[in-house]
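Work through the exercises below with the model open beside you. Try each task before you read its solution.

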Amino acid sequence: GNALRINPYEDFNHGIVFQTNENGNWDIAYKPYDWGNWGPITFLTNSTADEHNLSPFYVSEQYYPLDNYILFQRSDTIIVLEYTDSTEAEYPVFVNSSQFQYSDYIGVFYYNFSGNFPRMGIHVIAVETDSAGNRNLVYKYKPLNGVWEEKSFIKENCECRNPSLQYYEFSPYLI
């Protein structure tokens, strides 16, 4: 057909997540891959608003998390979507306003048996641009069984853009 399927990436648990306009606006969809077979498409979002700017999560441990996580934007809000085959939960993380705009966001699910730094949980990193054009590298954190903490600064007044994560086995991520 004429529908587009764009920005694909592999999720944690063997499938592909992508943006699609099959329902008349941009939605986020998932197609599982299991034992050599592709399953049917499941729409993870299907609202009247566009869901776009899909961004993956990085993981620190091969077998964790058991759920999947993605980041996307709906209207002015950057959202973390946690999903499994049977459940979905959305967490608003950053909200664009006249004072601050958020872009280039990435997420990491960090699970560490020893409990060292970085803290276990969900970390979302973004470039924040204020109304004067100044940029900061910021993040928000949510413990595995807790609530989101307030925004924190990684680097203030920087020429920040397109952050990425580098991972070395048994070591924390580097931005």
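Six exercises follow, going from the whole chain down to single residues.

This is a predicted model, in which local features need pLDDT of at least 70, side-chain atom pairs count only at pLDDT 80 or more, and totals for chains, interfaces and linings use all residues. Residues are numbered from 1 along each chain as its sequence is written, and side-chain values use heavy atoms, with hydrogens and water left out.

**Exercise 1. The whole chain**

Task: State how many helices and strands the protein has, and what share of its residues is buried.

Solution:
- Start with the elements. The protein has 0 helices and 13 strands. Helices (H or I, at least four residues) and strands (E, at least two) are DSSP runs, numbered from the N terminus.
- Turn to burial. Of the 175 residues, 39% count as buried. Buried means under 20% relative accessible area, exposed over 50%, and partly exposed in between (1.4 Å probe, protein chains only).
- Add the surface. The accessible surface comes to about 10,000 Å², and 49% of that belongs to carbon and sulfur atoms. These areas come from the Shrake-Rupley method with a 1.4 Å probe; for residues, only the protein chains shown count as cover.
- Finish with contacts (heavy atoms within 4.5 Å). Among contacts between residues at least 6 apart in sequence, 39% join residues at least 24 apart.

**Exercise 2. Confidence**

Task: Find which element has the lowest mean pLDDT and which the highest.

Solution:
- Recall the scale. pLDDT is the predictor's confidence in each residue, from 0 to 100.
- Take the average. The protein averages 85, and 86% of the residues score at least 70.
- Compare elements. Strand E6 (residues 51–59) has the lowest mean, 84, and strand E12 (residues 135–142) the highest, 95.

**Exercise 3. The open sheet**

Task: Give the strand order of the open sheet of 8 strands, and explain why one side of E9 and of E13 is left without a neighbour.

Solution:
- Read the order. It is E9-E8-E7-E6-E10-E11-E12-E13, with mixed pairing. Two strands pair if DSSP finds at least two bridges between them.
- Look at the ends. E9 (88–95) and E13 (152–155) stand at the edges with a single partner strand each, so one side of each has no neighbour in the sheet.
- Check the twist. It averages 30° from one strand to the next. Axes here are lines fitted to C-alpha atoms, for helices over the stretch in contact, and angles run from 0 to 180 degrees between N-to-C directions.
- Take one pair. E7 (residues 68–74) and E8 (residues 77–83) run antiparallel, joined by 7 bridges. Gln73 stands opposite Ile78 in E8.

**Exercise 4. Strand E12**

Task: Is E12 mostly covered or mostly uncovered? Describe its pairing with E11 and with E13.

Solution:
- Count burial. E12 is mostly covered, with 6 of its 8 residues buried.
- Go to E11 (residues 121–130). It pairs with E12 in the antiparallel sense over 8 bridges. Val124 has Lys140 in E12 as its bridge partner.
- Inspect the turn. The hairpin of E11 and E12 has 4 residues between the strands, and Gly133 there takes a positive phi near 90°.
- Go to E13. E12 and E13 are antiparallel too, over 3 bridges. Val138 has Phe153 in E13 as its bridge partner.

**Exercise 5. Thr20 and Ser103**

Task: Is Thr20 buried or exposed? Then place Ser103 in its strand and list its contacts.

Solution:
- Locate Thr20. It is found in strand E2 (residues 15–20). Its relative accessibility is 0%, so it counts as buried.
- List its contacts. Beyond four places in sequence, Thr20 touches Leu4, Arg5, Asn25, Trp26, Asp27, Ala29 and Phe43.
- Zoom in. A polar atom of the Thr20 side chain lies 2.9 Å from the backbone oxygen of Leu4.
- Move to Ser103, in strand E10 (residues 100–110). It is partly exposed, because its relative accessible area is 30%.
- List again. Leaving aside neighbours within four places in sequence, Ser103 is in contact with Ala126 and Val127.

**Exercise 6. Positive phi**

Task: Say where Asn7 and Asn162 lie, and give phi for Asn7 and for Asn162.

Solution:
- Asn7 is in strand E1 (residues 5–10). Its phi is near 55°, a positive value in a residue other than glycine. At 39% relative accessibility, Asn7 is partly exposed.
- Asn162 lies in the segment after E13. Its phi is positive, about 50°, although it is not a glycine. Asn162 is exposed, at 55% relative accessible area.

Definitions and conventions. Polar contact = N/O pair within 3.5 Å; in protein donor to acceptor, adjacent residues only side chain to side chain.
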